[in-house]
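Trainee: I should like to work through this model with you, one question at a time. May we begin?

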Amino acid sequence: MNVYETGGTRPTALLAGPPSDAHTWNLLYLQLLMTELGWQVSNLGPCTPVRLLVAESARCAPDLVVISTVNGHGYHEGLTLIRSLRREAHLRDTPIVVGGKLGIDGPDDGSRLKRLRDAGYDDVFDGDGQVPRFQVLLDSLRHHARRQASPAPAVR
Amino acid sequence: MATATGPSPAVGPSFHTFISDARRDRRLVVQPRMGFSDTGAMTAGLRATRAARATTVGTITVDSYTRTGELGAVERALRDGVALNGYPLASIDPGVTRTMLGEVGHPSFPVQVRHGSAAPTKIFEALLEAGLDATEGGPVSYCLPYSRRPLHLAVAEWAHCCRRLAARREDGANPHLESFGGCMLGQLCPPGLLIAITVLEALFFRQHGIRSVSVSFAQQTNHRQDLEGVQALRALCAELLTDVDWHVVVYAYMGVYPRTPRGAREILRAAARLAHGGGAARLIVKTTAEAHRIPTIGENVEALELAAAAAADVTPQAVPDSGIRDEARQLIHAVLSMDADVGRALVSAFARGYLDVPYCIHPDNHAATTTSMDADGWLRWADVGSLPLTPDAVSSPPLLTSAGLLRALSHVQRSYDGA
Ligand code: B12
């Protein structure tokens with residue numbers, strides 16, 4: 001959908017549901033939202049095998065990987081997933097976030113979030129009402145990606 | 001494939017007999033969506049379902065690792081003490097499941113397995129070994145919304161599993177299979193297509209030897225449209241399922257649910273009125289926890305009793321015909337004319353876009369259809385894609401932006417929560 005293209009390089013994102021999660025409305029919604037915000041989104045769909053996610057991220061070197069999961073296995077499955085992803089050299093520094101409904105008993109006191117962050121997610125969005133905070137992250141990543149893409153030598 | 005071992009299961013009154021007895025007395029059968037990874041909780045849940053003040057059927061909802069064949073993950077979770085979103089039927093010793101069923105009074109108390117798997121062989125083997133013979137699914141409705149598996153593979157495996165289940169007839173049982181086709185993605189699908197898919201799946205079950213089926217209809221966003229849908233579904237079953245036992249099951253709203261307890265109860269009451277008023281025999285309920293998390297046993301029991309009470313004082317209602325039945329009939333016949341084998345016809349129909357579920361991103365779905373929603377929740381086609389239908393003359397714009405989509409998805413939540 002190029003209608004949203006505003007010119008210039010668009011940052012790229014991979015979007016996926018983890019292996020056990022079949023929900024797709026969340027994926028469709030996030031795909032539309034991120035596209036409208038100027039991202040080029042590759043939606044890998046629900047029940048994404050880990051090896052497909054690894055292969056796709058090697059192929060397109062995304063600026064961001066978004067895991068969306070609402071079936072309640074997100075916490076448990078999310079831990080296994082991030083460990084596999086961070087083992088790959090090309091994914092070591094890629095921003096990876098997870099969000100949705102992560103447990104089967106509603107958002108917890110935050111210890112789950114901490115474990116997910118410690119395991120390697122750059123950010124965790126558990127429960128409803130997290131989209132505005134996600135948009136802030138998208139904005140800052142986008143500016144970052146644009147700076148990197150510009151020909152001016154980046155001073156780090 | 002392994003063959004079922006263990007003692008031949010007890011043959012009791014069939015799922016069908018239970019439903020038709022209730023139907024004769026004009027009692028709506030109510031059933032939860034319930035599954036726990038802990039066997040103690042699962043047993044307590046089935047027992048509480050049975051004891052509820054309502055005519056109930058028990059449910060074992062299978063967890064999503066098992067649904068997707070991630071049996072290693074089940075093992076890790078059980079070892080780590082992490083609770084799952086359902087009962088890991090294929091990983092629990094069938095003897096344990098059989099004991100649990102005995103304790104809750106199966107088979108006089110019917111219990112159905114609900115599982116959402118496009119590759120269900122292991123689940124069928126486990127349920128048969130545990131002595132169960134009622135389950136749910138379908139080659140299309142458990143594939144497109146639940147997996148990325150190619151449709152033709154799901155069709156082949158579902159055919160095999162239907163025959164496995166049907167073989168229970170040789171032991172004197174009357175195994176039951178419910179189609180999930182009347183739900184699909186749960187929301188934003190005009191009813192004609194849902195009706196067509198569930199009837200086609202029932203015909204697929206029949207072709208593979210099943211003689212007791214149910215067809216489904218998920219409550220949508222406009223009560224009158226839903227009532228017409230349920231009645232259209234019954235009329236088409238009467239036409240097309242002449243040599244099998246069938247009944248209609250209604251699902252309380254399967255989309256984004258009201259967040260307030262009041263809103264959640266109110267839409268469940270509407271679902272009960274839809275089911276009983278539309279002439280369905282059974283209703284699957286949803287709870288006040290739906291929008292938030294997996295419900296507790298208590299929340300399920302409350303929902304069962306609330307729905308049974310709400311259905312009790314409803315009389316059959318007739319509604320004007322807006323053409324849902326004709327639309328569904330047209331789709332069914334277009335698909336059946338593609339091949340004498342229902343499974344092959346279904347695969348061809350999706351390949352040609354004769355069946356095309358709006359907003360479904362499964363690779364075998366064209367995704368050329370879009371929906372629009374009137375202010376009162378009535379669903380229409382914005383774009384019929386290649387469906388063999390004449391496009392709707394009056395139509396509102398399709399839902400194609402994140403905000404528009406979210407608005408339509410939360411129409412029910414907004415109206416019932418009164419925000
Ligand atoms: C529609 C639906 C289905 C459909 C899905 C069809 C499809 N292909 O998508 C069907 C009926 C098939 C289905 C099946 C199942 N479902 Co379901 N489903 C729902 C339901 C009713 C609505 C979901 C929806 O459409 N939301 C609309 C989208 C746009 O919103 P969303 O998904 O909530 O996402 C929002 C936020 O979470 C957030 N978000 C999501 N991801 C991310 C990621 C990031 C980075 C960020 C920032 C934000 C974010 O943004 C979105 C917009 O606000 C919800 C309950 C509810 N919400 O009312 C249950 C629900 C999600 N399902 C649930 C479950 C458990 C299942 C099943 C496992 C069956 C079962 N055991 O009951 C199976 C799934 C099998 C599997 N392998 O995963 C549970 C999850 C429990 C939990 N987390 O505690 C819920 C909450 C219902 C319940 N209370 O039991 N389901």
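Mentor: This is a predicted model. Let us begin with the contacts of chain B: among those between residues at least 6 apart in sequence, 74% join residues at least 24 apart.

Trainee: What is the radius of gyration of chain B, and what does the globule rule give for 419 residues?

Mentor: Chain B has 15 helices and 11 strands. Its radius of gyration is close to the value from the globule rule, so chain B is as compact as a globular protein of that length. The C-alpha trace spans about 60 × 50 × 45 Å along the principal axes. The radius of gyration is 20 Å, and the rule gives 22 Å.

Trainee: Is His362(B) buried or exposed?

Mentor: His362(B) is placed in the loop between helix 13 (342-352) and strand 10 (370-373) of chain B. Leaving aside neighbours within four places in sequence, its contacts include Cys143(B), Leu144(B), Arg149(B) and Pro150(B). Buried means under 20% relative accessible area. The relative accessibility of His362(B) is 4%, so this residue counts as buried.

Trainee: Which protein residue is the donor to the cobalt atom of the ligand?

Mentor: The cobalt atom has a single donor from the protein, an NE2 atom 2.3 Å away. The residue concerned is found in the loop between strand 1 (12-16) and helix 1 (25-36) of chain A. The donor is His23(A).

Trainee: Why is the ligand site described as shared, and between which chains?

Mentor: Among the 43 residues around the ligand, those that come nearest include Ser68(A) and Arg293(B). Polar contacts also involve residues of each chain: a backbone N or O atom of Val70(A) lies 2.9 Å from a ligand nitrogen atom, and a polar backbone atom of Tyr257(B) is 2.9 Å from a ligand oxygen atom. The site is shared because the residues surrounding the ligand come from chains A and B.

Trainee: Which helix supplies the largest share of the shell around the ligand?

Mentor: Several elements each supply at least two residues of the shell, among them strand 3 (64-69) and helix 5 (131-149) of chain A and helix 14 (402-409) of chain B. The largest share is four residues, and it comes from helix 1 of chain A.

Trainee: How many residues of the shell around the ligand are nonpolar, polar and charged?

Mentor: One shell residue with a polar side-chain atom at 3.1 Å from a ligand oxygen atom is Asn71(A). By class, the shell has 22 nonpolar, 15 polar and six charged residues.

Terms used. Residues numbered from 1 in each chain as written. Chains lettered and ligands numbered in written order. Predicted model: local features only at pLDDT ≥ 70, side-chain atom pairs only at ≥ 80, totals over all residues. Heavy atoms only, no water. Buried < 20%, exposed > 50% of the residue type's maximum accessible area, 1.4 Å probe, protein only. Contact = heavy atoms within 4.5 Å. Donors = N, O, S within 2.8 Å, 3.2 Å for Na, K, Ca; no water. Near = heavy atom within 4 Å. Polar contact = N/O pair within 3.5 Å; in protein donor to acceptor, adjacent residues only side chain to side chain. Nonpolar A, V, L, I, M, F, W, Y, C, P; charged D, E, K, R; others polar. Rg over C-alpha atoms; globule rule 2.2 N^0.38 Å.
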